[in-house]
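Got your viewer open? Then grab the mouse and follow along, one selection at a time.

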Amino acid sequence: MRILLVEDDDRVAAALAPALRRHGMSLKRLAGGRDVVAHLADADVVLLDLGLPDIDGVDVCRTIRETSDLPIIIVSARGEVDDRILGLHSGADDYLVKPYDVGELVARVEAVYRRRRAALPGAGLPEVIEVDGVSVDLARHTVVVDGESVTLSRKEFQVLALLATAGGAVCTRNRIVAEVWGRSWPGANRTLDVHVATLRTKLGRPELVQTVRGVGYRLGQPAQGT
């Protein structure tokens with residue numbers, strides 16, 4: 001995922017860049033807002049500060065929305081309700097107040113990007129996704145492995161369905177926890193690991209749910225032996 005960061009504070013940009021890259025996101029940074037339109041073609045999501053040195057971020061948001069449907073997340077120290085309302089009315093998809101948790105920011109980036117992809121023509125997902133003999137019926141919430149029905153708990157199915165709909169892309173731990181459990185807590189990663197371990201056992205496909213160290217999980221075809 002390509003992130004366009006419009007942020008004049010060098011310290012904020014320097015701290016955010018490696019965090020986003022750890023989550024598999026590339027980053028381009030602009031210190032001002034006047035040239036933002038010229039860079040939209042190379043971005044998937046825009047992170048926009050409002051306190052820019054050359055032009056107010058609200059005007060930048062309106063300009064982007066006039067020319068593009070790219071997801072925009074305003075990330076600003078302006079935390080008053082009126083500021084958030086103005087930002088959203090100007091075309092932003094989400095609004096996050098500084099200081100923020102990087103994990104929450106990443107989850108919100110993934111959420112707005114996913115909503116945009118779902119809205120694209122022809123982007124509808126099939127009701128049934130099949131990978132390596134595992135059939136996941138998204139509508140009926142059922143799983144069949146090699147013709148045999150497998151019983152999963154609600155959370156186990158949600159984890160599997162999220163990985164299956166990602167099309168082989170990595171789903172970060174933060175995203176999975178946020179979407180399946182709706183919140184985070186100190187033991188969330190351990191809970192996720194237990195659910196993944198149980199999934200691997202029930203599916204009989206230990207290599208299907210692959211760990212991407214330091215990032216999260218993905219679904220992939222096991223390597224074929226020779």
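Where is the place of arginine 175? Select it and look at what it belongs to: arginine 175 sits in helix α6, which covers residues 173-181. Keep in mind as you click around that this is a predicted model.

**Stop 1: around arginine 175**

Is arginine 175 buried or exposed? Arginine 175 counts as buried, because its relative accessibility is 14% and the cut-off for buried is under 20%. Now show its neighbours. Leaving aside residues up to four places away in sequence, arginine 175 touches Glu110, Arg114 and Leu162.

**Stop 2: zoom out**

Show the whole protein chain as a cartoon. You should be able to trace seven helices and twelve strands. Along the principal axes, the C-alpha atoms fill a box of roughly 60 × 40 × 40 Å. The chain has 226 residues, and 42% of them count as buried. Switch on the surface if you like: the chain exposes about 11,700 Å², with carbon and sulfur atoms supplying 50% of that area. As for contacts between residues at least 6 apart in sequence, 54% join residues at least 24 apart.

**Stop 3: colour the charges**

Colour by charge next. There are 29 positive and 31 negative charges in the protein chain, and their mean positions lie 4 Å apart. Side chains of opposite charge can pair when their charged atoms come close. How many salt bridges does the count come to? The count comes to 16, and we'll visit some of them.

**Stop 4: lysine 98 and glutamate 7**

Select lysine 98 and glutamate 7. Their side chains meet in a salt bridge, with N to O at 2.7 Å. This pair links distant parts of the chain, 91 residues apart: lysine 98 is in the loop between β5 (94-97) and α4 (102-119), while glutamate 7 is in the loop between β1 (2-6) and α1 (10-22). Glutamate 7 is buried, as its relative accessible area is 2%. Add Asp49 to your selection too, since Glu7, Asp49 and Lys98 are linked in a network of salt bridges.

**Stop 5: arginine 29 and aspartate 10**

Move on to arginine 29 and aspartate 10, which form a salt bridge whose closest N and O atoms are 2.8 Å apart. Here strand β2 (residues 26-30) holds arginine 29 and helix α1 holds aspartate 10; the two are 19 residues apart. Check how much of each is uncovered: arginine 29 is partly exposed at a relative accessible area of 31%, whereas aspartate 10 is exposed at 52%.

**Stop 6: aspartate 93 and arginine 65**

Now pick aspartate 93 and arginine 65. Their side chains meet in a salt bridge too, at 3.1 Å from N to O. Aspartate 93 is in the loop between α3 (81-89) and β5, and arginine 65 is in helix α2 (residues 57-67), 28 residues apart. Aspartate 93 counts as partly exposed at 38% relative accessibility, and arginine 65 counts as partly exposed at 26%.

**Last stop: the cysteines**

Finish with cysteine 61 and cysteine 171. Cysteine 61 is buried, with a relative accessible area of 0%, and cysteine 171 counts as buried at 0% relative accessibility. A disulfide is a covalent bond between the sulfur atoms of two cysteines. How many disulfides does the count come to? The count comes to zero.

Definitions and conventions:
Residues are numbered from 1 along each chain as its sequence is written. This is a predicted model: local features need pLDDT of at least 70, side-chain atom pairs count only at pLDDT 80 or more; totals for chains, interfaces and linings use all residues. Side-chain values use heavy atoms; hydrogens and water are left out. Helices (H or I, at least four residues) and strands (E, at least two) are DSSP runs, numbered from the N terminus. Buried means under 20% relative accessible area, exposed over 50%, partly exposed in between (1.4 Å probe, protein chains only). Contact means heavy atoms within 4.5 Å. Accessible areas come from the Shrake-Rupley method with a 1.4 Å probe; for residues, only the protein chains shown count as cover. Lys and Arg count as positive and Asp and Glu as negative; His and the chain ends are not counted. The place of a charge is taken as NZ of Lys, CZ of Arg, CG of Asp or CD of Glu. A salt bridge is a side-chain nitrogen of Lys or Arg within 4 Å of a carboxyl oxygen of Asp or Glu. A disulfide is a pair of cysteine sulfur atoms within 2.5 Å.
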